[in-house]
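Biologist: Could you pull up the model and walk me through it slowly? I am still new to this, so please spell out the terms as we go.

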Amino acid sequence: MAHELGFLWAVTAVVWLGTLAYIVALLRRQNQLQRELDGLQRAMDDLRRP
Amino acid sequence: MKKVAYFGTAVLGVFGLLDIYFALLWSPPERSMGNLIRILYFHVGSAWIAFLAFFVTFVCSILYLLRRNLLFDRIAVSSTEIGVVFTTLTLITGSLWARPMWNTWWTWDPLLTTTLILWFLYVGYLLLRGTMAGMERRARISSVFGILAFVDVPVIHFAVEWWRSIHPLVIDDTGINMPGAMLFTLMFGVFTFFLLYLVLLYIRSRQETQKIQLYKLRERVREIRVELGGF
């Protein structure tokens, strides 16, 4: 019984913590891309300024 | 956009907690498998959503080749990445179920083997994209790959009929072999995973759009610098 529950908890952890880790990684990547976009936009505005 | 992503993630969190409650506490244990049946709710949900993700890749790949609209390519690559994540979860949860049930972590059963091949095919798809330059060329070759790789999905489905398989089936020729409470839990899990897929696809597709914006903006900055000073 305890043996079975160990596998069950392992599956639950793998699925939900794995999914959570993927979501966090996606949101972090998204924030990083947004920062890069904002930085480039600022650089372009500076270059265009007379 | 950020607000939508965070709202989606919050709604998903509620459904996720309910799914865990139904799967681990509410649904009854099965006669022969006992509590190990609960693994199935996560395993089957992951597998079905992985197949859905690859089906979306397949459809978007066809649409790209027909319409040459890069939006379809962005959805295809996003869906593939999510499909690979869910296939990975399917393989790991299957292995964790197999250890106590079959006394082995892995066996070269047709269903397992063809699913592993599927994982390799779509990891190959993602790696292949990384090696190619040129948006149009990359989209065209990826689309062809996405269509060809999908051939493995029906092979997985029919693997049980074509070859001898020891993998249990939830749905067979006689219908769904499950009591109502278990079926409800399974379907709730599949719906939760479907919501998860939609949220992930939205976030991931937006990222692809941002990447293209970034690429175009970099090119524009380079052009302006050349125009200004020639460096």
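Biologist: What volume does the second largest pocket have?

Modeller: The second largest pocket has a volume of about 410 Å³, where a pocket is an open set of points on a 1 Å grid over the protein atoms alone, with a 1.4 Å probe fitting at the points and protein on both sides within 12 Å along at least five of seven lines. The volume is the space filled by probe spheres set on those points, which are joined across faces, edges and corners. Please keep in mind that this is a predicted model, in which local features need pLDDT of at least 70 and side-chain atom pairs count only at pLDDT 80 or more, while totals for chains, interfaces and linings use all residues. Residues are numbered from 1 along each chain as its sequence is written, chains are lettered from A and ligands numbered from 1 in the order in which they are written, and side-chain values use heavy atoms, with hydrogens and water left out.

Biologist: Which lining residues are closest to the pocket's centre?

Modeller: They are B:Met135, B:Arg138, B:Glu208, B:Lys211 and B:Ile212, out of 19 residues that line the second largest pocket, and a lining residue is one with an atom within 4 Å of a point.

Biologist: And which helices supply at least two residues of that lining?

Modeller: In chain B, helices H3 (70-102), H4 (110-131), H5 (135-149) and H7 (180-229) each do so, and H7(B) gives the largest share, with 7 residues. Helices here are DSSP runs of H or I with at least four residues, strands are runs of E with at least two, and both are numbered from the N terminus.

Biologist: How many nonpolar, polar and charged residues are in that lining?

Modeller: The lining of the second largest pocket holds 9 nonpolar, 2 polar and 8 charged residues. Ala, Val, Leu, Ile, Met, Phe, Trp, Tyr, Cys and Pro count as nonpolar, Asp, Glu, Lys and Arg as charged, and the others, Gly among them, as polar.

Biologist: You named B:Glu208 and B:Lys211 at the centre. How far apart are the closest N and O atoms of their salt bridge?

Modeller: Those atoms of B:Glu208 and B:Lys211 are 3.4 Å apart, which fits the rule that a salt bridge has a side-chain nitrogen of Lys or Arg within 4 Å of a carboxyl oxygen of Asp or Glu. B:Glu208 and B:Lys211 are separated by about one helical turn because they lie 3 residues apart in helix H7 of chain B.

Biologist: Is B:Glu208 buried or exposed?

Modeller: B:Glu208 counts as buried because its relative accessible area is 8%, and buried means under 20%, exposed over 50% and partly exposed in between, with a 1.4 Å probe and protein chains only. B:Lys211, at 34%, is partly exposed.

Biologist: Which residues are linked with them in a network of salt bridges?

Modeller: The network links A:Arg29, B:Glu81, B:Arg204, B:Glu208 and B:Lys211. Within it, A:Arg29 and B:Glu81 form a salt bridge whose closest N and O atoms are 3.6 Å apart, and this pair crosses between chains, from helix H1 (residues 2-48) of chain A to helix H3 of chain B. A:Arg29 is partly exposed at 28%, whereas B:Glu81 is buried at 13%.

Biologist: How many salt bridges does the structure hold over all chains?

Modeller: There are 8 over all chains. Another one joins B:Asp73 and B:Arg129, with the closest N and O atoms 2.8 Å apart, and it links distant parts of the chain, since B:Asp73 in helix H3 and B:Arg129 in helix H4 of chain B are 56 residues apart. Both B:Asp73 and B:Arg129 are buried.

Biologist: New topic, the loops. Where is B:Arg68?

Modeller: B:Arg68 sits in the loop between helix H2 (37-67) and H3 of chain B, and its phi is near 60°, a positive value in a residue other than glycine. Most residues other than glycine have a negative phi. B:Asn103, in the loop between H3 and H4 of chain B, also has a positive phi, near 65°. B:Asn103 counts as exposed because its relative accessible area is 60%.

Biologist: Last one, how many helices and strands does chain B have?

Modeller: Chain B has 7 helices and 2 strands, following the pattern α-α-α-α-α-α-β-β-α along the sequence, and buried residues make up 46% of its 231 residues.
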